[in-house]
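Biologist: Got a minute to go through this one with me? I'd like to ask about a few spots.

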Amino acid sequence: FNVGAGGYLTTTSTMTIKFPSSTTIPAGSVAGVTVNNTPASATASGDSVVINCPLEVENNGGVQVDFSLGSGLKNPGTAGDYTLGIYTSSEPTEVTSDTYSISSPADLSFTAVGLTDDMVNSTCGYTLDFIVSNSGEMEVGDKFIVKFREPTVLPSSISTSNVIITS
């Protein structure tokens, strides 16, 4: 988000993010929060997280808040479109975020597909980013199938040393 013309933030400023009531937020201190890639302290209260601004942000400046997986936030249990509310100690009027979607737990969703080379007839590597459903946990030894559409040409075999799986 961007602060407004009078939204200058200092290291004594706070930002409050209000989540949908169906979002699970850990009580008390919230770990793993960064503001513009700078670690920040944060505390949960009800459906909101109050973040102590760890740096200065100029008027009309951009702010990116990230909650790591270790922060303890848990998405609503119902698929749908949601918004967040946010206000700061400099701009106390709450504004609403753009809509974001939570998919059904039965859905496997791709978040990105990347190619090492996107030129016609080039040999390239593929990076597939996806999220498994709540019931789709994968364990060591589990298999999954990636199906490429024609006219993609695959080699007759791919060495396991050329496949990298991370979580």
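Biologist: Is Thr 23 buried or exposed?
Modeller: Bear in mind that this is a predicted model. The relative accessibility of Thr 23 comes to 11%, and the cut-off for buried is under 20%. So Thr 23 counts as buried.

Biologist: Which residues is Thr 23 in contact with, leaving aside its neighbours within four places in sequence?
Modeller: Thr 23 has its place in the loop between β1 (14–18) and β2. With those sequence neighbours set aside, its contacts are Lys 74 and Pro 76.

Biologist: Where that loop ends we get to β2, so to speak. Which strands are the edge strands of the sheet?
Modeller: The open sheet has 6 strands, paired antiparallel, in the order β2-β5-β6-β1-β9-β10. An edge strand here pairs on one side only, and that holds for β2 (28–29) and β10 (95–96).

Biologist: And which residue in β5 does Ser 29 stand opposite?
Modeller: β2 runs antiparallel to β5 (residues 42–45), and 2 bridges join them. Across from Ser 29, in β5, is Thr 43.

Biologist: On to the cysteines. How many disulfides does the count come to?
Modeller: The rule asks for a pair of cysteine sulfur atoms within 2.5 Å. By that rule the count is 0 disulfides.

Biologist: Is Cys 124 buried, partly exposed or exposed?
Modeller: Take Cys 53 to start with: at 3% relative accessibility, it counts as buried. Cys 124 has a relative accessible area of 25%, and the class between under 20% and over 50% is partly exposed. That makes Cys 124 partly exposed.

Conventions: Residues numbered from 1 in each chain as written. Predicted model: local features only at pLDDT ≥ 70, side-chain atom pairs only at ≥ 80, totals over all residues. Heavy atoms only, no water. Buried < 20%, exposed > 50% of the residue type's maximum accessible area, 1.4 Å probe, protein only. Pairing = 2+ DSSP bridges. Helix = DSSP H or I, 4+ residues; strand = E, 2+ residues; numbered from the N terminus. Contact = heavy atoms within 4.5 Å.
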